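The following paragraphs lead through the structure shown below, beginning with a strand and moving outward to the elements around it.

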Amino acid sequence: MEQKSVLILDDEEMVLTSLATYLALESDYDVLTFTSARQALAHLEEHEVGLIISDFLMPEMDGITFLTRARELRPDAPRVL
């Protein structure tokens, strides 16, 4: 059985580090972090994830647009803005 993963997208490294560290300590999820929406979408094209978390305001793409595209790629993955 494949381990579930959490994909986190945020343009701020400090936020990603904080969330990834917390989830690594408090869960069994494999935590994947991205600062680029395009790279996160490319990952979703190839890999299953258990949960998708996105920041709202980012320079490359806003969180609503990202999560809409993520839903098209992984409709069963819960999404959090």
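In this predicted model, strand E1 is largely enclosed by the rest of the structure, because five of its five residues are buried. Ser5, Leu7 and Leu9 point one way from E1, whereas Val6 and Ile8 point the other way. Both sets of side chains belong to buried residues. This arrangement follows a general pattern: in a regular strand the side chains alternate between the two faces of the sheet.

The pairing of E1 may be considered next. Strand E1, residues 5-9, runs parallel to strand E3, residues 51-54, and four bridges join them. Within this pairing, Leu7 has Ile52 of E3 as its bridge partner, and Ile8 has Ile53 of E3. E1 also runs parallel to E2, to which it is joined by five bridges. Here Ile8 stands opposite Thr33 of E2. Ile8 thus has Ile53 as its bridge partner in E3 and faces Thr33 in E2.

These pairings belong to an open sheet of four strands, which follow the order E2-E1-E3-E4 with parallel pairing. Strand E2 (30-34) and strand E4 (79-80) are the edge strands, each pairing on one side only. In general, strands of a sheet pair through backbone hydrogen bonds, either parallel or antiparallel.

Helices accompany these strands. Helix H1, residues 13-26, combines with E1 and E2 in a right-handed β-α-β unit. Helix H3, residues 63-73, lies across E1, E3 and E4, and runs at about 160 degrees to E3.

Between E2 and the next helix, H2, lies a loop that includes Thr35. With a relative accessible area of 38%, Thr35 is partly exposed, because this value falls between the limits of 20% for buried and 50% for exposed residues. Not counting residues up to four places away in sequence, Thr35 touches Leu9, Asp10, Asp11, Glu13 and Leu16. The C-alpha atoms of Thr35 and Val15 are 10 Å apart, although 20 residues separate the two in sequence.

At the start of H2, a side-chain oxygen of Ser36 comes within 3.3 Å of the backbone nitrogen of Arg38. Helix H2 spans residues 37-46, and its buried residues are Ala37, Ala40, Leu41, His43 and Leu44. Viewed down the axis of H2, these buried residues fall within an arc of 155 degrees, and therefore they line one face of the helix. The underlying geometry is general: an α-helix has 3.6 residues a turn, so residues three or four places apart point the same way. The buried residues of H2 pack against E1, E2, E3 and H3. On the face of H2 turned away from this buried side are the exposed residues Glu45 and Glu46.

A further position in contact with this region is Arg74, found in the loop between H3 and E4. Why does Arg74 count as buried? Its relative accessible area is 14%, and Arg74 is therefore under the 20% limit. Apart from neighbours within four places in sequence, Arg74 is in contact with Leu44, Glu45, Glu46, His47, Glu48 and Arg79. One of these residues, His47, offers its backbone oxygen, which the side chain of Arg74 reaches at 3.0 Å. Arg74 and Leu41 are 33 residues apart along the chain, with their C-alpha atoms separated by 9.9 Å.

Conventions: Residues are numbered from 1 along each chain as its sequence is written. This is a predicted model: local features need pLDDT of at least 70, side-chain atom pairs count only at pLDDT 80 or more; totals for chains, interfaces and linings use all residues. Side-chain values use heavy atoms; hydrogens and water are left out. Two strands pair if DSSP finds at least two bridges between them. Helices (H or I, at least four residues) and strands (E, at least two) are DSSP runs, numbered from the N terminus. Contact means heavy atoms within 4.5 Å. Axes are lines fitted to C-alpha atoms, for helices over the stretch in contact, and angles run from 0 to 180 degrees between N-to-C directions. Buried means under 20% relative accessible area, exposed over 50%, partly exposed in between (1.4 Å probe, protein chains only). A polar contact is a pair of N or O atoms within 3.5 Å; within protein, one must be able to donate a hydrogen and the other to accept it, and residues adjacent in sequence count only if both atoms are side-chain atoms. The arc is that of the directions from the helix axis to the C-beta atoms. A crossover is right-handed if, with the strands pointing away from the viewer, the path from the first strand over the helix to the second runs clockwise.
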